[in-house]
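These are my notes from going through one model, entry by entry. I began with confidence and then moved to the fold and a few side chains.

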Amino acid sequence: MLLVSGGPFWSLRANSLSLGDVARRHWDYGRWALGSSLAIWIPSNVYYFIVPAFAGVGQAGTLKALLNLTLPPGQTTTALQLLLQTHTAKVQHERGNDALKEVSVTIAWVLFWGQLSIGA
C-alpha cells in the first residue's frame with residue numbers, strides 16, 4: 001500500500017528498453033544456464049535410476065543417505081561458483097582476458113582449499 005500511495009520512485013526514460021527487449025536479453029544470456037543445469041543434473045542423479053535396477057531399492061536408499069552427507073559442501077561450492085560468475089564476467093569486460101585469468105586462478109584455489117578444509 002505504501003508503494004502505491006507514494007507513487008513511482010522510478011521513471012522510464014525515452015531510451016529505456018521495452019519489456020520484450022529485456023526478456024530477449026535475459027533469454028539470450030540465460031538459455032545456456034538452462035542447458036548446463038540439465039547437463040549437470042543428469043550425471044549427478046543417474047545413480048538413482050541405475051542402482052535400483054542392479055542392487056535393489058534398499059541399496060539405492062542407502063546410497064542416497066550417504067550422498068546426503070556430501071550435499072552441503074557441494075551445494076555451497078556451486079552457489080559460490082554461480083555468485084562469482086558475475087564478478088568474473090565484469091572483470092573480463094572491464095579489464096580483459098589477462099585479468100580474468102588471474103581472478104579465475106584465485107577463485108579456483110579458494111574453492112579448492114575450501115573443499116579440502118571441509119573434507120569433501
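Entry 1, confidence. pLDDT is the predictor's confidence in each residue, on a scale from 0 to 100. I looked it up before anything else, since this is a predicted model. The chain has a mean pLDDT of 83, and 85% of its residues reach 70 or more. I then asked where in the chain confidence is lowest and where it is highest. The low end is helix H1, residues 2-6, with a mean of 58. The high end is helix H4, residues 57-68, with 91.

Entry 2, fold. I listed the secondary structure of the chain and got 6 helices and 0 strands. Read from the N terminus, the order of elements is α-α-α-α-α-α. I also looked up burial over the chain: of its 120 residues, 9% are buried. For contacts with a separation of 6 or more, I noted that 29% are between residues 24 or more positions apart.

Entry 3, H2 against H3. I took helix H2 (residues 19-45) and helix H3 (residues 47-55) as a pair. Their axes come within 6 Å and cross at roughly 20 degrees. Angles under 35 degrees count as roughly parallel, and H2 and H3 are therefore roughly parallel to each other. Which residues make the contact? On the H2 side I found Trp-41, Pro-43, Ser-44 and Asn-45; on the H3 side, Tyr-47, Tyr-48 and Phe-49. By class, the residues of this contact are 5 nonpolar and 2 polar, with no charged residue.

Entry 4, Asn-45. This residue of the contact lies in H2, so I checked whether Asn-45 is buried or exposed. Its relative accessible area is 17%. Buried means under 20%, so Asn-45 is buried. A polar atom of the Asn-45 side chain lies 3.0 Å from the backbone oxygen of Trp-41. Trp-41 is also among the H2 residues that make the contact with H3.

Entry 5, Trp-32. I stayed in helix H2, where Trp-32 lies. Trp-32 has a relative accessible area of 40% and is partly exposed. A polar atom of the Trp-32 side chain lies 2.3 Å from the backbone oxygen of Tyr-29. I wrote that distance down as computed from the model.

Entry 6, Thr-88. I then moved to helix H5, residues 71-95, which holds Thr-88. Thr-88 is buried, at a relative accessible area of 16%. What is Thr-88 in contact with, leaving aside its neighbours within four places in sequence? I found Leu-100, Val-103 and Ile-107.

Methods:
Residues are numbered from 1 along each chain as its sequence is written. This is a predicted model: local features need pLDDT of at least 70, side-chain atom pairs count only at pLDDT 80 or more; totals for chains, interfaces and linings use all residues. Side-chain values use heavy atoms; hydrogens and water are left out. Axes are lines fitted to C-alpha atoms, for helices over the stretch in contact, and angles run from 0 to 180 degrees between N-to-C directions. Helices (H or I, at least four residues) and strands (E, at least two) are DSSP runs, numbered from the N terminus. Angles under 35 degrees count as roughly parallel, over 145 as roughly antiparallel, 65 to 115 as roughly perpendicular and the rest as oblique. Contact means heavy atoms within 4.5 Å. Ala, Val, Leu, Ile, Met, Phe, Trp, Tyr, Cys and Pro count as nonpolar, Asp, Glu, Lys and Arg as charged, and the others, Gly among them, as polar. Buried means under 20% relative accessible area, exposed over 50%, partly exposed in between (1.4 Å probe, protein chains only). A polar contact is a pair of N or O atoms within 3.5 Å; within protein, one must be able to donate a hydrogen and the other to accept it, and residues adjacent in sequence count only if both atoms are side-chain atoms.
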